[in-house]
Amino acid sequence: MSEILKVDSLATGYGDLRVVWDVSFSVEQGEVLALLGRNGAGKSTILRAIMGLNAVHKGSIEYDGDDLGSLPAYERVSRGLGFVQEGKRLIGDMTVDENLRLGANVKRWNRRQLAPRMEWAYDMFPVLRDRRSSLAAMLSGGQQQMLGIAQALMPEPRLLLVDEPSAGLAPAIVGDVLDTLARLQETGMSIVLVEQSVDFALSLASHVVVVDLGHLVFSSRADAPGVRAAVRDAYLGRSEVEAQ
Ligand SMILES: Nc1ncnc2c1ncn2[C@@H]1O[C@H](COP(=O)(O)OP(=O)(O)O)[C@@H](O)[C@H]1O
Ligand SMILES: [Mg+2]
């Protein structure tokens, strides 16, 4: 397998303020990597740097063998990076249909080119087809999360960054989100998954990394013996960095 993403000695933050130091990990094609850690650890900041929304202070981010440097976010989207941001980033006073079309903007498809992708999205998320003319603001929390994922999928990404998809959802709906990510994984999608729920993340991931206070504190295969306990220790800041 080859690497689709390689984050090497990354330092990043907000302007000059550094909140992430020396973080390295990579994602193989078709792999789900779980990026875990306490609130404020730097997980969203790392995803934002991968998307080009926060500047790289040091180190590099390679996608598909190319250093992304300071490439703007929309260029990254057109190269195949997708981002489902934490919380709801939909346009509430636009319909489901309009939100999906907006997601595909970067492709500059005409109506005829767009149609099959819309159908693909509605086949993937039948609940959205039923609500296609509803305003996004009128959807339930779970439906909004599905729409957020569907929107990010419109331009046919090869690597999807998903930030806390189960946050704030009722337990019954969390299973639907998990199923959706599992189905995407089956299509060969590479995914970086940030999650508060360790069980949720480990059920999908083949590799897990934990960050704390902006530093990488743990890295392991997800099926290594004792990984749950080791991840829990890493959360508490007790773990040594483990290779592989
Ligand atoms: N817009 C911002 N400006 C300055 N600091 C920020 C901003 N957003 C987050 N931070 C800080 O960066 C650190 C990492 O935050 P974040 O990446 O959101 O953590 P996580 O996603 O792991 O909960 C925290 O200390 C947080 O306060
Ligand atoms: Mg976050």
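**Helix 1, strand 7 and the overall fold**

In helix 1, the buried residues are Lys43, Ser44, Thr45, Ile46, Leu47, Ala49, Ile50 and Met51. Helix 1, which runs over residues 43-51, is thus mostly covered, with eight of its nine residues buried. Just beyond the end of helix 1 comes glycine 52, which adopts a positive phi of about 85 degrees. These descriptions, like those that follow, refer to a predicted model.

Threonine 45 offers a convenient view of the surroundings of helix 1, the element in which it lies. The relative accessible area of threonine 45 is 7%, and because this is under 20%, the residue counts as buried. Once neighbours within four places in sequence are set aside, the contacts of threonine 45 are with Thr12, Gly13, Tyr14, Val19, Val20 and Asn54.

Another residue of helix 1, Ile50, which is among its buried residues, leads on to leucine 68, with which Ile50 is in contact. Leucine 68 is found in the loop that links strand 5 (66-67) to helix 2 (73-79). Although placed in a loop, leucine 68 is buried, with a relative accessible area of 3%. Apart from neighbours within four places in sequence, leucine 68 also touches Ile61, Tyr63, Arg76, Arg79 and Leu81. Twelve residues separate leucine 68 from valine 56 along the chain, and the C-alpha atoms of the two are 10.0 Å apart.

Leu81, one of the contacts of leucine 68, brings the description to the strands. Leucine 81 stands opposite leucine 159, a residue of strand 7. Strand 6 (residues 81-84) and strand 7 run parallel and are joined by four bridges. Strand 7 also pairs with strand 8 (residues 190-194), again in the parallel sense, over five bridges. In this second pairing, valine 162 is set opposite leucine 193 of strand 8. Between strands 7 and 8 the chain passes through helix 7 (residues 171-186), and the resulting β-α-β crossover is right-handed.

How many of the five residues of strand 7 are buried? Strand 7 (residues 159-163) is mostly covered, and the count is five of five. The burial extends to both faces of strand 7: Leu159, Leu161 and Asp163 are buried on one side, and Leu160 and Val162 are buried on the other. Leucine 159, which faces leucine 81, and valine 162, which faces leucine 193, therefore belong to opposite sides of the strand, because Leu159 is listed on one face and Val162 on the other.

Turning to the rings, arginine 117 places its charged end over the ring of tryptophan 120, at 3.8 Å from the ring centre. Pairs between aromatic rings come to a count of zero.

At the level of the whole protein chain, nine helices and ten strands are present. The C-alpha trace spans about 50 × 40 × 35 Å along its principal axes. For a compact globule of 244 residues, a radius of gyration near 18 Å would be expected, and the 18 Å of the protein chain agrees with this. Buried residues account for 49% of the 244 residues. Of the contacts in the protein chain between residues at least 6 apart in sequence, 67% join residues at least 24 apart.

Conventions. Residues are numbered from 1 along each chain as its sequence is written. Chains are lettered from A and ligands numbered from 1 in the order in which they are written. This is a predicted model: local features need pLDDT of at least 70, side-chain atom pairs count only at pLDDT 80 or more; totals for chains, interfaces and linings use all residues. Side-chain values use heavy atoms; hydrogens and water are left out. Buried means under 20% relative accessible area, exposed over 50%, partly exposed in between (1.4 Å probe, protein chains only). Helices (H or I, at least four residues) and strands (E, at least two) are DSSP runs, numbered from the N terminus. Two strands pair if DSSP finds at least two bridges between them. A crossover is right-handed if, with the strands pointing away from the viewer, the path from the first strand over the helix to the second runs clockwise. Rings of Phe, Tyr and Trp (its six-membered ring) pair if their centres lie within 6.5 Å; planes under 30 degrees apart count as stacked, over 60 as edge-to-face and the rest as tilted. A charge sits over a ring if NZ of Lys or CZ of Arg is within 6 Å of the ring centre and within 35 degrees of the ring normal. The radius of gyration is taken over C-alpha atoms; the globule rule is 2.2 Å times the number of residues to the power 0.38. Contact means heavy atoms within 4.5 Å.
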